[in-house]
Amino acid sequence: MSASPSYESICLPIKFMNALSRSQDLNETLNLISYWLPKIIESDRASVCLGNRPDETLEVYALFGNNAIKAKTILPIHGTMVGRVYQNKTLEIQNNLRKSEDLDCKKLHQGGLNSCMDAPLQKLGNCFGTLNIGSLSDSAYQPEDAVMLECIANWLANYLHSQMEISVQKKRAETDPLTETSNRRCLTTVGNEMFSRWKIKHQPFSMIMIDIDNFKRINDCYGHNAGDQVLINFSSVVRQVIRKSDHFFRMGGEEFVILVEGNDKSISKYAERIRQAVEDMSVQYEQSNIKITISCGVTSVHREDDKLECVYCRADQALYQSKQNGRNLTTVI
């Protein structure tokens, strides 16, 4: 007896296939998947969750449709249907969400959904995420829908896993291994992108150049391991002060740069908050309590600037003035 046609073939939209082939990065791919899934398997919501292994959590990375559980939501693995699918690597259907005790199912039902289905994304036996779809209707998903979602998940898993590996390698290439800040190479990329937006769309930005005062003395007095610890602690403190939209880079040695998007008229006060936070910190190393200060050079992009190097040189001049005038200062040009 031949199988049902629903089990024999899956018809995917050509536009979806073409869009996937042109996708530039992982985020774009995830958003494409969540957009097209409800068109392939009729649904009112679709999302892609990826696992955060150190934290034993899942994050909603992409979402389309009903936002009962919003994008960027962190979900626990334990006590959730999506977590169970992730752990057991087995698809699940829940056609009556009002009866479920799972945290995510309760949230979906509170948001108006009544059915959902999750399929694992796995590569070489390792699950790294799930595909999730939901419907406003009761008993929306049948076995043939499960077969379709599982096949799509298995097909997409290879593609996604490759893009995730590329993203990891790219991040590693653009990250300073000691401080986990972005590196000089990344500054060139991000800075030129911001400069292009300034020239084309007149979107302003500012640069804060930072140098840790008398850093060589720290290495000479306490050793290079102590110097490394100072750099790590310093970077951590700065990350606590700056905004998520800011970009933080280590140029090399004890020199750092922050790129601030937008027309921030109070950029000098902002730099001063960073300088003060560093002055207030201390680094405990063995039996020593190491105090540090920083000098800051600040500038914003100017109308006459014709390349990023103009902004960089001006910030460097401002930094030089701070150091010449006694250090532990902020100078704006």
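## Worked exercises: loops, helices and rings

Leu-124 is exposed, with a relative accessible area of 79% (exposed is over 50%, buried under 20% and partly exposed in between, using a 1.4 Å probe and protein chains only). The model is predicted, so local features need pLDDT of at least 70 and side-chain atom pairs pLDDT 80 or more, while totals for chains, interfaces and linings use all residues. Residues are numbered from 1 along each chain as its sequence is written, and side-chain values use heavy atoms, leaving out hydrogens and water.

**Exercise 1.** Find where Leu-124 and Lys-72 lie, and check the sign of phi for each.

*Solution.*
- Step 1: Leu-124 sits in the loop between strand E5 (115-123) and strand E6 (126-135) (strands are DSSP runs of E with at least two residues, helices runs of H or I with at least four, numbered from the N terminus).
- Step 2: Phi of Leu-124 is near 55°, a positive value in a residue other than glycine.
- Step 3: For comparison, most residues other than glycine have a negative phi.
- Step 4: Lys-72, in the loop between strand E2 (57-65) and strand E3 (74-76), is not a glycine either and has a positive phi of about 75°.
- Step 5: Lys-72 is exposed, at 66% relative accessible area.

**Exercise 2.** Describe how helix H2 (residues 14-22) packs against helix H3 (residues 26-40).

*Solution.*
- Step 1: Two packed helices are described by the angle between their axes and the distance between the axes.
- Step 2: For H2 and H3 the angle is about 170° and the axes are 10 Å apart (axes are lines fitted to C-alpha atoms over the stretch in contact, with angles from 0 to 180 degrees between N-to-C directions).
- Step 3: H2 and H3 are therefore roughly antiparallel (over 145 degrees; under 35 is roughly parallel, 65 to 115 roughly perpendicular, and the rest oblique).
- Step 4: From H2, Lys-15, Phe-16, Ala-19 and Leu-20 meet Thr-29, Leu-32, Ile-33, Trp-36 and Ile-40 of H3 (contact means heavy atoms within 4.5 Å).
- Step 5: By class, this contact holds 7 nonpolar, 1 polar and 1 charged residues (Ala, Val, Leu, Ile, Met, Phe, Trp, Tyr, Cys and Pro are nonpolar, Asp, Glu, Lys and Arg charged, and the others, Gly among them, polar).

**Exercise 3.** Follow Phe-16 from H2 to its ring partner Trp-155.

*Solution.*
- Step 1: The count of aromatic pairs is 7 (ring centres of Phe, Tyr or Trp, the last by its six-membered ring, within 6.5 Å; planes under 30 degrees apart are stacked, over 60 edge-to-face and the rest tilted).
- Step 2: Phe-16 and Trp-155 make an edge-to-face pair, 6.3 Å centre to centre with 80° between the planes.
- Step 3: Trp-155 belongs to helix H6 (residues 143-173), so the pair ties together parts that are 139 residues apart in sequence.
- Step 4: Phe-16 is buried at 1% relative accessibility, whereas Trp-155 is partly exposed at 36%.
- Step 5: Ring pairs join Phe-16, Tyr-35, Trp-36, Phe-64 and Trp-155 into a cluster.

**Exercise 4.** Place Val-48 and list some of the residues it touches.

*Solution.*
- Step 1: Val-48 lies in strand E1 (residues 45-52).
- Step 2: At 0% relative accessibility, Val-48 is buried.
- Step 3: Leaving out residues up to four places away in sequence, Val-48 touches, among others, Leu-30, Ile-33, Tyr-61, Leu-121 and Leu-131.
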